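Please look over the sequence and the structure below, and then read the report that follows, which takes up a sheet, a helix and several single residues in turn.

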Amino acid sequence: MTSIVITLMALSLFIFIDAFNESFVFDEAYTMAMIQHSFSDIWNITATDVHPPLYYFILKIFTEIFGDNLLTLRIFSVLGMLAIFLTAMFPIRKHFGAGVSLLFIIIVSLLPVSQYLASEIRMYSWSMFFTLANALAAYQVYKNNNAFNNILLLLSALCASYTHYYSLMGSATIFGVLLLFMIATKKKIRNPLIVIFLFLIAYSFWLPELFYQIGAVNHNYWITTLTPKDLLLFTYYLFSPKDPTHPYMIFNLPAMSVALSIMLLLIAAIAILTIREYKNLNKAKIITALVFIGLFLIPVISAVIISYAMKPIMIPRYMTCLLGCLVLGVSILLFELYESGSHSARTLVFGSLFMLWILSVGRFFSERQYMAKCNVEYAELQNYFLNKNTEKTVFISPFSACGWLGMLSVMYPSKENLFFVYSERKTPVSYKPFNLIEVNKLPSDFDFHYTQAYDSNPIQSKGNQHFTNGIKNDYVIADSLNQRLNPQRLEGRVIYQMRTIHREREKHRNTH
């Protein structure tokens with residue numbers, strides 16, 4: 001009953017956050033644009049991107065039934081979290097007991113990053129669920145190598161691997177660890193080998209796209225080289241009281257540093273206590289816990305090594321694909337420490353959960369304030385366009401602001417609107433899934449909305465200046481909106497309503 005109450009409370013919180021969030025970011029706009037395409041187009045577009053297509057397929061079906069407004073799209077991410085909670089209530093409870101199940105639900109509910117997973121219109125809550133299901137299916141195969149469990153193993157691995165590449169890495173790790181333990185304990189591996197063979201056949205449909213994307217990543221990829229600051233971020237990302245990309249709202253860096261340091265010290269204390277009390281704990285359960293934790297750590301550490309040795313491929317949010325395995329392992333470990341009866345162990349367990357609650361509350365209020373700011377900016381944008389033509393008009397941006405132009409194409413999706421990306425010379429870039437058209441010639445004889453982003457980047461400033469200097473003899477600014485998104489970093493965006501000089505003169509003659 002307690003698990004159900006906590007689950008309902010967590011889901012209610014997630015839906016409340018989703019209902020309050022009236023704006024969206026570029027990655028979410030990418031998803032929203034993607035699901036407007038056909039299934040075959042989604043396959044082809046994602047083949048040139050960096051993610052497999054399953055999430056977009058399922059979300060497209062979901063929106064065909066329930067609509068594609070912002071709240072509906074975000075609730076689909078909440079459903080991924082619901083699937084995770086149901087996994088805890090049934091298979092986790094069945095295999096590891098009610099205590100582990102309850103701890104799992106509490107930790108997932110309290111982890112600050114869960115608020116992101118349940119609200120972002122991306123695939124991460126579902127990839128976390130599929131990878132967790134895959135790990136549990138492997139555990140069931142290890143315990144009972146029957147046909148049903150092997151079918152679950154195959155299906156969960158395919159769902160995970162067709163959702164995100166870090167889930168693919170997770171499935172590969174799960175297969176490897178399963179075979180290793182079955183060989184070590186002299187169990188028959190015929191069925192798992194058949195599953196792996198069938199998996200490779202089923203995934204072969206996507207392998208050409210995977211190899212193409214690997215080549216594209218080696219040639220050019222947006223992830224930057226990892227720095228010591230990035231490595232530090234990996235250590236606290238999952239329980240950070242704010243999104244690392246957002247500004248500080250209700251606390252500052254020193255306050256956050258103190259809170260995170262306490263959390264990291266508590267984690268270190270739990271690790272030390274586990275080593276010290278190992279002889280008094282159930283060794284089989286501790287090993288099981290460490291295996292699940294390893295299913296998280298092996299792909300993450302491998303990706304970090306690859307990022308240093310070859311090409312950067314790792315950002316913190318990718319860890320969430322494997323988060324279910326980590327939480328399950330930690331839940332088993334904490335429950336064993338709690339059941340040991342040790343006063344220090346129980347104090348650490350409760351202290352860690354309390355600290356996690358503090359960080360989660362901080363995340364909620366910090367992100368709520370940031371969302372309120374974004375909602376105001378979004379309302380400003382809507383008010384700017386309120387009495388303007390947004391059904392049959394032209395939007396133009398320089399190449400440096402094509403992402404922002406893509407977001408505008410989602411906000412104003414009329415088929416009669418045209419969205420032009422201006423570049424001095426042709427670029428080898430695909431703008432899909434957005435309906436953007438690259439042009440290499442400056443406009444001269446039609447009205448349009450010109451949008452640009454600005455920051456301290458001199459290349460971006462040069463591109464904006466080239467466009468405005470090129471059209472200044474033919475156009476006047478009829479209206480504008482300047483939004484300073486991050487005053488500390490001089491970041492913002494501007495929209496100009498551009499009218500040809502002769503139309504503006506005609507308008508003045510008519511008004512006089």
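In this predicted model, an open sheet of 6 strands has the order 3-2-1-4-6-5, and its pairing is mixed. Strands here are DSSP runs of E with at least two residues, helices are runs of H or I with at least four, and both are numbered from the N terminus; two strands count as paired if DSSP finds at least two bridges between them. Because strand 3 (437-439) and strand 5 (475-486) stand at the edges with a single partner strand each, one side of each is left without a neighbour in the sheet. On average, neighbouring strands of this sheet are turned by 25 degrees against each other, direction ignored. As a general point, strands of a sheet pair through backbone hydrogen bonds, either parallel or antiparallel.

The table lists three of the pairings in this sheet, each with one pair of facing residues.

| Strands | Sense and bridges | Facing residues |
|---|---|---|
| Strand 2 (418-422) and strand 3 | parallel, 3 bridges | V421 and E438 |
| Strand 1 (394-398) and strand 4 | parallel, 2 bridges | I396 and Y450 |
| Strand 4 and strand 6 | antiparallel, 7 bridges | Y450 and Y496 |

Strand 4 is mostly covered, with 7 of its 7 residues buried, where buried means under 20% relative accessible area, exposed means over 50%, and partly exposed lies in between (1.4 Å probe, protein chains only). Both of its faces are covered, since F448, Y450, Q452 and Y454 are buried on one side and H449, T451 and A453 are buried on the other. In a regular strand, the side chains alternate between the two faces of the sheet.

Helix 17 (residues 343-384) lies across strand 4 (448-454), strand 5 and strand 6 (491-500), and runs at about 170 degrees to strand 5. Such angles run from 0 to 180 degrees between N-to-C directions, with axes fitted to C-alpha atoms, for helices over the stretch in contact, and contact means heavy atoms within 4.5 Å. A372 is found in helix 17 and is partly exposed, with a relative accessible area of 30%. The C-alpha atoms of A372 and F16 are separated by 13 Å, although these residues are 356 residues apart along the chain.

In helix 11 (residues 190-203), P192, V195, I196, F199 and Y203 are buried. These residues cover an arc of only 100 degrees around the axis, so they lie on the same side of helix 11; the arc is that of the directions from the helix axis to the C-beta atoms. The exposed residues R190 and F197 are carried on the face of helix 11 turned away from its buried side.

H37 lies in the loop between helix 2 (26-34) and helix 3 (39-47), and is buried at a relative accessible area of 12%. Leaving aside residues up to four places away in sequence, H37 touches I42, I45, K60, K432, P433 and N435.

How many disulfides does the structure hold? There are 0 disulfides, a disulfide being a pair of cysteine sulfur atoms within 2.5 Å. The sulfur of C325 is 11 Å from the closest cysteine sulfur, in C321, which is too far for a bond, and C325 is buried at 1% relative accessible area.

Residues are numbered from 1 along each chain as its sequence is written. In this predicted model local features need pLDDT of at least 70, side-chain atom pairs count only at pLDDT 80 or more, and totals for chains, interfaces and linings use all residues, while side-chain values use heavy atoms, with hydrogens and water left out.
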